[in-house]
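Q: Please take a close look at one part of this structure, the salt bridges that centre on a shared acidic side chain, and set that part against its surroundings.

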Amino acid sequence: MKSNGIEVKDILIWQKSNPMPRNINRSYVQDMTFAIWGVKKGAKWTFNKEKNKPYMRSLFKAPIVSGTEKLNHPTQKSLQIMSDIIKIHTNKNDVILDPFSGTGSIGEACLLNGRKYIEIEITPKYYELSVKRLSKYNQIRKIAHF
């Protein structure tokens, strides 16, 4: 990121309230997923702090994706977590690029929060799941598959 002129602002953490316990006798339970919040050096950035909170923490707590939200992707992101991050770091009508869209969690979060999005997914199976998921909003304007 640094070599591309991107300044790291913080590390965002999704703490899963119900992680999958694997090899519990030999290792720690992996209950966190990390993301880097970076901004092009010298650029303005958005940070919509919640007015009722004295400060914001970079820790987001939610369960792993399950039930009807789960779309058979091994690292599917929580719609609630993506919505929260999008509301904090973007404004209505902003365009969000998701170059690894998987099953479309970020696209759906954008549609629910008045943002625009561009998604890229190389795996046909996940691409089809994303198209199906987002088609219920009747806002998919152009879909390209390579």
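A: The following account begins with the salt bridges and then turns to the pocket and the surface.

The model is a predicted one. It holds four salt bridges, and Glu108, Arg133 and Lys136 are linked in a network of such contacts. In one pairing, the side chains of arginine 133 and glutamate 108 meet at 2.5 Å, N to O. Arginine 133 belongs to helix α3 (residues 124–135) and glutamate 108 to helix α2, so this pair ties together parts that are 25 residues apart in sequence. Both arginine 133 and glutamate 108 are buried. For glutamate 108 the relative accessibility is 6%, and it counts as buried because the cut-off is under 20% relative accessible area.

Glutamate 108 also forms a salt bridge with the side chain of lysine 136, at 3.5 Å, N to O. Lysine 136 lies in the segment after α3, and since glutamate 108 is in helix α2, the pair ties together parts that are 28 residues apart in sequence. Lysine 136 is exposed, with a relative accessible area of 55%. The network therefore includes an exposed lysine 136 as well as the buried arginine 133 and glutamate 108.

Another salt bridge of the structure joins the side chains of glutamate 7 and lysine 9, at 3.2 Å, N to O. Glutamate 7 is partly exposed, its relative accessible area being 35%; lysine 9 is likewise partly exposed, at 27%.

Helix α2 also has a part in the largest pocket, which holds about 950 Å³ of space. Of the 32 residues lining this pocket, Ala35, Met82, Ile85, Leu97 and Ile106 are the closest to its centre. Two or more lining residues come from each of β1, β2, α1 (79–89), β4 (95–98) and α2 (105–112). Strand β2 gives the largest share of the lining, six residues. By class, the lining comprises 18 nonpolar, 11 polar and three charged residues.

Strand β2 also contributes to the surface. A nonpolar patch there is formed by Met1, Val8, Ile11, Met32, Phe34 and Ile36, with about 540 Å² of accessible area together. Strands β1 (6–16) and β2 (32–40) each supply at least two residues of the patch, and the largest share, three residues, comes from β2. Methionine 1 is found in the segment before β1 and is partly exposed, with a relative accessible area of 39%.

Methods. Residues are numbered from 1 along each chain as its sequence is written. This is a predicted model: local features need pLDDT of at least 70, side-chain atom pairs count only at pLDDT 80 or more; totals for chains, interfaces and linings use all residues. Side-chain values use heavy atoms; hydrogens and water are left out. Patches are made of residues with over 30% relative accessible area and no salt bridge: like charges are joined within 9 Å, nonpolar side chains (Val, Leu, Ile, Met, Phe, Trp, Tyr) within 5 Å. Accessible areas come from the Shrake-Rupley method with a 1.4 Å probe; for residues, only the protein chains shown count as cover. Helices (H or I, at least four residues) and strands (E, at least two) are DSSP runs, numbered from the N terminus. Buried means under 20% relative accessible area, exposed over 50%, partly exposed in between (1.4 Å probe, protein chains only). On a 1 Å grid over the protein atoms alone, a cavity is a set of points where a 1.4 Å probe fits but cannot get out, and a pocket is an open set with protein on both sides within 12 Å along at least five of seven lines; lining residues have an atom within 4 Å of a point. Grid points are joined across faces, edges and corners, and a volume is the space filled by probe spheres set on the points. Ala, Val, Leu, Ile, Met, Phe, Trp, Tyr, Cys and Pro count as nonpolar, Asp, Glu, Lys and Arg as charged, and the others, Gly among them, as polar.
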